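Visitor: Please choose one small part of this model and take me through it slowly, then go outward from there to the surrounding parts. I am in my first year, so I would be glad of careful steps.

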Amino acid sequence: MTHALPWRPLALAAALLLPVGASAQETDPETGLIQAEGWEVVKANCTVCHSARLVTQNSGSRNHWEYLIRWMQETQGLWQFRPEMEATILDYLAEHYGPKEGARRPPLPRHLMPDNPYATGEGPG
Ligand code: HEC
């Protein structure tokens, strides 16, 4: 056997690279916030009055987060943000704590479903 095995280094490289690419996003060990653009603004402004867990365990659309911020501003003494800072916060929250995958609509009730085309006509009804 004089031929080298050219696929070997490639396979090795793939094996080394894959776990990095597949790993979850880095989170801040202190707060658990996903470390992506804007996270430091969120950490600085959203962990003052309560734990960051309140933030990380919540999820929803940009509207949901905006509603929460307005609610805290009106009733809980949360300060006003400069528009561009608020946009950074909302972008971050909507992107990384957006609507949950599992939050699908519930199944349709039976009476809203189409008739079963395979029904035999036998039995009740
Ligand atoms: C000035 C104080 C203050 C700051 C700053 C603050 N919050 Fe709050 N937040 C509160 C209070 C008070 C509550 C109610 C806590 C409770 O119910 O125990 C709350 C509740 C929440 C909740 C839970 C809402 C729910 O439905 O139960 C979330 C999510 C939240 N805040 C997110 C944020 C985010 C995001 C920021 C940064 C933009 C932030 N908070 C900054 C005071 C604050």
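## A close look at Gly-98

Guide: Let us begin with Gly-98, which is found in the segment after H5. Please keep in mind throughout that this is a predicted model. Gly-98 counts as buried because its relative accessible area is 16%, and the limit for that word is under 20%. Leaving out residues up to four places away in sequence, Gly-98 touches Ser-59, Gly-60 and Leu-93. The C-alpha atom of Gly-98 is also 7.4 Å from that of Arg-62, although the two residues are 36 positions apart along the chain.

One of these partners, Ser-59, leads us onward to His-64. This histidine has its place in helix H4, and His-64 touches Asn-58 and Ser-59 when residues up to four places away in sequence are not counted. From C-alpha to C-alpha, His-64 and Pro-99 are 9.2 Å apart in space, while 35 residues separate them in sequence. With a relative accessible area of 28%, His-64 is partly exposed.

Helix H4, which covers residues 62-75, also holds Met-72, and this brings us to the iron atom of the ligand. The protein donors of that iron atom are His-50, through NE2, and Met-72, through SD, and they lie 2.0 Å from it. The site has six donor atoms, with angles of 86 to 179° among them, and is octahedral. The pair of protein donors links distant parts of the chain, for His-50 belongs to the loop between helix H2 (39-46) and helix H3 (52-56), and Met-72 is 22 residues apart from it. His-50 counts as partly exposed because its relative accessibility is 27%.

The loop of His-50 directs us next to H2, whose buried residues are Trp-39, Val-42, Asn-45 and Cys-46. Because these residues cover an arc of only 140° around the axis, they are on the same side of the helix. The other side of H2 has Glu-40 and Ala-44, which are exposed. As for what covers the buried residues of H2, the cover includes H3 and helix H5 (83-96).

Two cysteines deserve a separate word here. Cys-46 is buried, since its relative accessible area is 17%, whereas Cys-49 is exposed, since its value is 65%. A disulfide is a covalent bond between the sulfur atoms of two cysteines. For this model, the count of disulfides comes to zero.

Leu-93, a contact of Gly-98, takes us further inside. In soluble globular proteins, nonpolar side chains tend to be buried together. The largest nonpolar core here has 18 residues, and those that touch the most other members are Leu-33, Val-42, Trp-65, Tyr-92, Leu-93 and Tyr-97. The elements H2, H4 and H5 each give two or more residues to this core. Tyr-92 shows how such a residue is surrounded: leaving aside neighbours within four places in sequence, Tyr-92 is in contact with Leu-33, Ile-34, Ala-36, Glu-37, Gly-38, Trp-39, Val-42 and Tyr-97.

Finally, let us step back to the whole. The protein chain has five helices and zero strands, so that, reading from the N terminus, its elements run α-α-α-α-α. Buried residues, Gly-98 being one of them, make up 22% of the 125 residues in the protein chain. Among the contacts in the protein chain with a separation of 6 or more, 54% are between residues 24 or more positions apart.

Conventions
Residues are numbered from 1 along each chain as its sequence is written. This is a predicted model: local features need pLDDT of at least 70, side-chain atom pairs count only at pLDDT 80 or more; totals for chains, interfaces and linings use all residues. Side-chain values use heavy atoms; hydrogens and water are left out. Donors are N, O and S atoms within 2.8 Å of the metal (3.2 Å for Na, K and Ca); water is not among the atoms, so sites may look incomplete. Four donors count as tetrahedral if all angles lie between 85 and 135 degrees; four count as square planar and six as octahedral if opposite donors are over 155 degrees apart and all others between 65 and 115; anything else is irregular. Helices (H or I, at least four residues) and strands (E, at least two) are DSSP runs, numbered from the N terminus. Buried means under 20% relative accessible area, exposed over 50%, partly exposed in between (1.4 Å probe, protein chains only). The arc is that of the directions from the helix axis to the C-beta atoms. Contact means heavy atoms within 4.5 Å. A nonpolar core is a set of buried Ala, Val, Leu, Ile, Met, Phe, Trp, Tyr and Cys residues joined through side-chain atoms within 4.5 Å. A disulfide is a pair of cysteine sulfur atoms within 2.5 Å.
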